[in-house]
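Reader: Hey, could you walk me through this protein? I'm new to this, so plain words please.
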Amino acid sequence: MLLLTGCSAADPAGPGASSAPSGTASTPGATPGTADPSAGAPASPAAGPSATAQPSGSAADLAATRVVLTRTGGFAGRGDTLTVEPNGGWTSVERDGSRRTGQVDPTDLNRLWDLLAAPGLATEPATPPTGPVDCADAFTYQLTVGPRVTAYVDCPDAAGRAAATAAVVELLGEVTGW
C-alpha cells in the first residue's frame with residue numbers, strides 16, 4: 001500500500017491527522033453555534049454582522065468578521081477550506097467533501113483577532129509571488145477577512161513569504177487541527 005502525503009510547516013500533522021485539539025469538537029453538530037452538517041454553508045451567529053462586514057483594522061472591529069482560509073496544492077492536490085465565524089464556531093471542508101466543526105476557545109479567538117489586526121497583514125500580497133519556486137509539493141494558502149485577501153506559498157525558498165498571514169495559518173492549524 002502506498003500512502004501519499006504533502007508536507008508543510010503550517011501542517012505538521014499531515015493530511016491524515018484525525019485528532020482534534022483540546023477544546024474543539026470533531027463531530028458535526030457537536031458544538032452549539034457551529035455549522036449544521038447537512039447545510040451547504042456555515043451557520044451565522046445569532047447576533048452579528050454579515051459576512052461582508054468591512055473591518056477597519058482594529059481587533060474589536062475584526063472580531064465581527066468571518067475568516068475564510070483555503071489550502072491548495074501539495075503532492076495530493078489539496079483543496080480545503082476553513083471558515084471561522086465571529087463567534088468562534090469553525091467549519092472545515094476537505095476536498096473530498098468531509099466536514100468537521102468546532103469552537104475556538106475565547107483566548108485563542110482573541111489571539112486570532114490580534115493577529116488579524118497586525119499592521120503587517122494589510123501590506124501582504126493578495127496573490128502569492130509568481131516565478132520559479134524551488135519547493136516541491138508546497139501548499140498555497142489564501143486568507144480572506146472581510147474584503148481583504150492575502151496569500152502565500154508555504155515554501156522556505158519562496159520570495160516575499162507573507163509572515164503575518166503565515167502566523168494566522170499557524171494559529172488556526174493549532175486550534176482547529178486543520
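Author: Sure! One term before we start: helices and strands here are DSSP runs, with at least four residues for a helix and at least two for a strand, and they're numbered from the N terminus. Also keep in mind that this is a predicted model.

Reader: Got it. So what pattern does the protein follow along the sequence?
Author: Reading along the sequence, you get α-β-β-β-β-α-β-β-α. That comes to three helices and six strands.

Reader: And in what order do the six strands sit in the sheet?
Author: The order is β4-β3-β2-β1-β5-β6, in an open sheet with antiparallel pairing. β4 (99–103) and β6 (148–153) are the edge strands, and each has a single partner, so one side of each has no neighbour in the sheet. On average, neighbouring strands are turned by 15° against each other, ignoring direction.

Reader: What holds strands together in a sheet, anyway?
Author: In general, strands of a sheet pair through backbone hydrogen bonds, and the pairing can be parallel or antiparallel.

Reader: Okay, zoom in on β5. How many bridges does β5 make with β6?
Author: Six: β5 (residues 139–145) pairs with β6 in the antiparallel sense over that many bridges. Two of the matches are T144 with V149 in β6 and T140 with V153 in β6.

Reader: What about the link between those two strands?
Author: β5 and β6 form a hairpin with two residues between the strands, and G146 there takes a positive phi near 60°.

Reader: And with β1, how many bridges?
Author: β1 and β5 pair over seven bridges, again in the antiparallel sense. In that pairing, V68 stands opposite T144 in β5.

Reader: Which residues of β5 are on the covered face, and which on the uncovered one?
Author: F139, Y141, L143 and V145 make up the covered face of β5, while T140, Q142 and T144 are on the uncovered face.

Reader: Switching to helices. Which strands does α3 lie across?
Author: α3 lies across β1 (67–73), β2 (78–84), β3 (89–93), β4, β5 and β6, and runs at about 85° to β6.

Reader: How do α2 and α3 pack?
Author: Helix α2 (residues 106–117) and helix α3 (residues 163–176) pack at about 165°, and their axes are 10 Å apart. Anything over 145 degrees counts as roughly antiparallel, so α2 is roughly antiparallel to α3. Their crossing is left-handed.

Reader: Which residues meet there?
Author: From α2 you have D108, R111, L112, L115 and L116, and they meet A167, V168, L171, L172, E174 and V175 in α3. By class, that contact has eight nonpolar residues, three charged ones and no polar ones.

Reader: New topic: E85. Where does E85 lie, and is E85 buried or exposed?
Author: E85 is in the loop between β2 and β3. Its relative accessibility is 3%, and the cut-off for buried is under 20%, so E85 counts as buried. The C-alpha atoms of E85 and A64 are separated by 8.3 Å, with the two residues 21 apart along the chain.

Reader: Last one: how much of the protein is buried?
Author: Buried residues make up 39% of the 178 residues. As for contacts between residues at least 6 apart in sequence, 59% join residues at least 24 apart.

Notes:
Residues are numbered from 1 along each chain as its sequence is written. This is a predicted model: local features need pLDDT of at least 70, side-chain atom pairs count only at pLDDT 80 or more; totals for chains, interfaces and linings use all residues. Side-chain values use heavy atoms; hydrogens and water are left out. Axes are lines fitted to C-alpha atoms, for helices over the stretch in contact, and angles run from 0 to 180 degrees between N-to-C directions. Angles under 35 degrees count as roughly parallel, over 145 as roughly antiparallel, 65 to 115 as roughly perpendicular and the rest as oblique. A crossing is left-handed if the near helix is turned anticlockwise from the far one by less than a right angle, and right-handed if clockwise. Contact means heavy atoms within 4.5 Å. Ala, Val, Leu, Ile, Met, Phe, Trp, Tyr, Cys and Pro count as nonpolar, Asp, Glu, Lys and Arg as charged, and the others, Gly among them, as polar. Two strands pair if DSSP finds at least two bridges between them. Buried means under 20% relative accessible area, exposed over 50%, partly exposed in between (1.4 Å probe, protein chains only).
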